[in-house]
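This report concerns selected strands and their pairing. The sequence and structure are shown first.

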Amino acid sequence: MRCVGVRRIIAFMLMCAAVLLLCSCKKTLPEPMVYENDGLKIEILSTGKSDCIIICIDDEVIVIDTADVDDGAYISERLRAYGITKIDHLILTHYDKDHIGSAVEILNNFAVERIIAPDFSDTSDPYALLMKAVSRKGTELIRPNEDMFFEAGEGEFWINVPSEPTYKDENNYSLITTLSYGSQKFVFMGDALKARTQEYYDRLTTDADGEAAFDYALVKLPHHGDYYKVLTELLSVIDPTYAVITANSREIETKYNDATVEEKLVQALETLQIEFFVTCDGSIRLFCDGTDVEITQ
């Protein structure tokens with residue numbers, strides 16, 4: 001009888017241990033970045049072949065794009081993980097669904113002070129739903145038709161707008177956002193194709209001040225791994241330490257497949273000795289104190 005009691009106790013203890021093990025295996029989101037000092041925090045989310053970037057500067061929040069329509073819950077969870085309840089600036093680079101897909105959900109879940117978006121209209125359903133939500137919420141909508149500058153905390157933002165009134169490909173309406181923080185610069189290129197990349201390159205290289213160009217810390221590369229010759233020229237000018245590709249695979253595009261990342265882009269990054277990350281491997285997190293940059297994935 002005594003042995004039976006002992007066996008029952010052991011079985012009960014093993015069952016409790018199994019329950020605890022199962023609980024510990026529950027999937028959780030990665031913890032937000034925590035630093036003792038204020039500074040710049042950037043997280044480029046792993047949402048596949050789509051874009052969403054969270055930028056925290058002191059007590060201000062800037063979000064660039066909202067990925068696809070099925071990413072809203074994940075984006076909201078990441079924002080809440082930082083304790084964010086209000087977004088000061090929501091920058092929508094252009095109106096493709098992989099950039100504005102979850103914008104309505106973000107508007108419903110958070111107080112958004114203002115939206116900055118390209119100065120053109122689209123005929124897609126995501127765009128129509130976005131405009132209805134903006135009207136319903138009474139959110140300020142800014143559509144700049146010339147370059148826009150604003151400050152957020154200790155950061156300075158420059159939004160480069162398209163030079164032409166119309167383009168054959170809507171990706172070329174992309175707003176290109178440059179952030180200066182301390183001695184470091186970061187650029188987020190939306191889905192800029194060859195024409196828009198050329199415009200940004202021309203603006204940098206002909207800028208009378210010259211201060212906006214050269215020696216960037218990071219570039220979020222355009223259009224999920226596409227390559228164009230002017231992109232190599234731009235990378236040579238801004239000389240970034242890091243580059244990020246938002247893609248759902250590291251597979252290199254060849255004539256035998258339809259993968260995202262073009263081989264020539266990888267070759268250019270390697271030739272220029274730019275360390276690059278692909279979001280299919282996980283979200284990229286960056287911290288900058290104004291001088292030094294720390295990046296992890």
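The sections below describe burial, strand pairing and sheet order in this predicted model.

## Burial of strand β18

Strand β18 spans residues 284-288 and is mostly covered, with 5 of its 5 residues buried. The burial extends to both faces of the strand. One side carries Ile284, Leu286 and Cys288, while Arg285 and Phe287 lie on the other.

## Partners of β18

β18 pairs with strand β1, residues 40-44, in the antiparallel sense, and 5 bridges connect the two. Within this pairing, Leu286 of β18 stands opposite Ile42. Leu286 is also among the buried residues of β18.

Strand β19, residues 293-296, is likewise antiparallel to β18 and is joined to it by 4 bridges. Here Val293 in β19 stands opposite Cys288, a residue that is buried in β18. The two strands form a hairpin with 4 residues between them. In the turn, Gly290 has a positive phi of about 105 degrees.

## The seven-stranded open sheet

An open sheet of 7 strands follows the order β9-β10-β11-β12-β13-β14-β17, and its pairing is mixed. Its edge strands are β9 (148-152) and β17 (275-278), each of which pairs on one side only. On average, neighbouring strands of this sheet are turned by 15 degrees against each other, direction ignored.

At the β9 edge, β9 pairs with strand β10, residues 155-160, over 5 bridges in the antiparallel sense. Glu151 has Glu156 in β10 as its bridge partner.

How values were computed: Residues numbered from 1 in each chain as written. Predicted model: local features only at pLDDT ≥ 70, side-chain atom pairs only at ≥ 80, totals over all residues. Heavy atoms only, no water. Buried < 20%, exposed > 50% of the residue type's maximum accessible area, 1.4 Å probe, protein only. Pairing = 2+ DSSP bridges. Axes fitted to C-alpha atoms, helices over the stretch in contact; angles between N-to-C directions.
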